[in-house]
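Trainee: I would like to go through the terms used for this model and see what stands behind each one.
Mentor: Then ask, and we will set each value against its definition.

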Amino acid sequence: MKKTSKLKHLVQTQNLEFLMEAHNGLSAKIVEETGFKGIWASGLSISAAMGVRDNNEASWTQVLDVLEFMSDATSIPILLDGDTGYGNFNNARRLVKKLEQRQIAGVCIEDKVFPKTNSFINGNAQPLADIDEFCGKIKAMKDAQLDEDFLVIARVEAFIAGWGLEEALKRSEAYGQAGADAILMHSSRSDIAEIEAFMKEWDGRRPVVIVPTKYYSVPTKRFDELGVSLVIWANHNVRAALDAMQNISKQIYLDQSLIHAEGNVAPLEEVFRLQGAEELRAAERKYFPSTAAGSGER
Ligand code: SPV
Ligand code: MG
């Protein structure tokens with residue numbers, strides 16, 4: 001099955017499904033090996049891994065380059081966190097073209113203004129996009145896709161910006177009418193009150209995607225009961241990696257030795273395995289018999 005069809009299936013099936021964050025080829029591969037059926041290419045995580053802010057400081061082509069590695073390394077579908085589409089309708093439809101060329105299965109765009117700011121940084125102060133302008137962007141993206149299963153998901157930031165349920169519903173309805181395949185309803189509350197209120201009124205008009213980063217203590221069963229289609233675990237690989245890197249850097253810095261480090265990091269063999277070193281050895285035996293003893297050196 002194509003990656004696009006796989007993602008479409010995840011969004012449309014009656015079961016509650018999950019995407020796990022990845023931010024480069026290695027983390028994408030780990031997500032797939034773990035058993036996840038899809039990947040969230042998080043804007044926050046990709047920019048953090050690049051050492052820049054989640055404010056479109058990385059250019060969209062730099063993000064595309066990361067996505068290409070992620071897509072090459074995996075066979076499960078990737079949903080890109082496409083921020084605001086990196087410009088107006090014209091930039092957004094060109095983005096769709098470039099994503100399809102890299103077998104990215106779908107993109108989520110949010111109704112904010114370029115350059116965006118992460119929803120959890122002073123969300124209340126963030127301006128929202130004009131509804132008609134955002135609908136035009138969705139239409140342009142849907143018209144641009146060549147693969148009919150490619151997904152365009154519209155992310156509603158009304159709760160984040162403090163505009164309330166009525167605005168969230170109005171925007172979701174307009175984006176659905178414009179052709180969005182699903183609605184991502186975001187909330188920065190630590191409880192599920194906003195999502196619950198939305199789900200009751202929305203009544204299944206389009207599949208709903210959520211990102212429970214802030215309401216992490218709500219049992220997953222509750223999302224299912226409310227009729228949510230897809231849950232995104234949005235940033236936990238970059239946060240886990242950051243923690244591990246801080247700890248090991250500190251340990252080696254203080255010890256000026258690797259003596260306490262070796263047992264606390266993945267074996268080198270695991271790095272080689274994830275890189276697919278074995279496949280290269282087999283290919284050398286097949287295509288380059290004179291180097292059967294070793295890889296690369298001649
Ligand atoms: C991301 O992962 O970059 C997201 C989700 O957009 S959030 O950080 O919650 O805005
Ligand atoms: Mg983001």
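**Values against definitions**

Trainee: How do you know that the span of helix α7 (residues 164-178) agrees with what is expected?
Mentor: The expected span is 1.5 Å times one less than the number of residues. For the 15 residues of α7 that gives 21 Å, and the end C-alpha atoms are 21 Å apart, so the two agree. Helices here are DSSP runs of H or I with at least four residues, strands are E runs of at least two, and both are numbered from the N terminus.

Trainee: What kind of model is this, and how are its parts numbered?
Mentor: This is a predicted model, in which local features need pLDDT of at least 70 and side-chain atom pairs count only at pLDDT 80 or more, while totals for chains, interfaces and linings use all residues. Residues are numbered from 1 along each chain as its sequence is written, chains are lettered from A and ligands numbered from 1 in the order in which they are written, and side-chain values use heavy atoms, with hydrogens and water left out.

Trainee: Why is Asp203 called exposed?
Mentor: Exposed means over 50% relative accessible area, buried under 20%, and partly exposed in between, with a 1.4 Å probe and protein chains only. Asp203 has 65% relative accessibility, so Asp203 counts as exposed. Asp203 sits in the loop between α8 and β7.

Trainee: Which residues of α7 are buried, and what do they pack against?
Mentor: Among the buried ones are Glu167, Leu169, Arg171 and Tyr175. The buried residues of α7 pack against α6 (131-144), β5 (151-156), β6 (182-185) and α8 (193-202), where contact means heavy atoms within 4.5 Å. Just after α7, Gly179 has a positive phi of about 120 degrees.

Trainee: What makes β5 and β6 a pair?
Mentor: Two strands pair if DSSP finds at least two bridges between them. β5 and β6 have four bridges and run parallel, with Ala154 opposite Ile183. β6 and strand β7 (residues 208-210) are parallel too, over two bridges, and Ile183 has Val208 as its bridge partner there.

Trainee: What is the hand of the crossover from β6 to β7?
Mentor: The chain passes through α8 on the way, and the crossover is right-handed. That term applies if, with the strands pointing away from the viewer, the path from the first strand over the helix to the second runs clockwise. β5, α7 and β6 also make a right-handed β-α-β unit.

Trainee: How do you know that both faces of strand β3 (residues 78-81) are covered?
Mentor: In a regular strand the side chains alternate between the two faces of the sheet. In β3, Ile78 and Leu80 on one side and Leu79 and Asp81 on the other are all buried. β3 is joined in parallel to strand β2 (residues 39-41) by three bridges, with Trp40 opposite Leu79.

Trainee: What makes up the largest nonpolar core?
Mentor: A nonpolar core is a set of buried Ala, Val, Leu, Ile, Met, Phe, Trp, Tyr and Cys residues joined through side-chain atoms within 4.5 Å. The largest has 58 residues, and Leu67, Met70, Leu80 and Tyr175 have the most contacts inside it. Another core, of 17 residues, lies apart from it and includes Val11 and Ile153.
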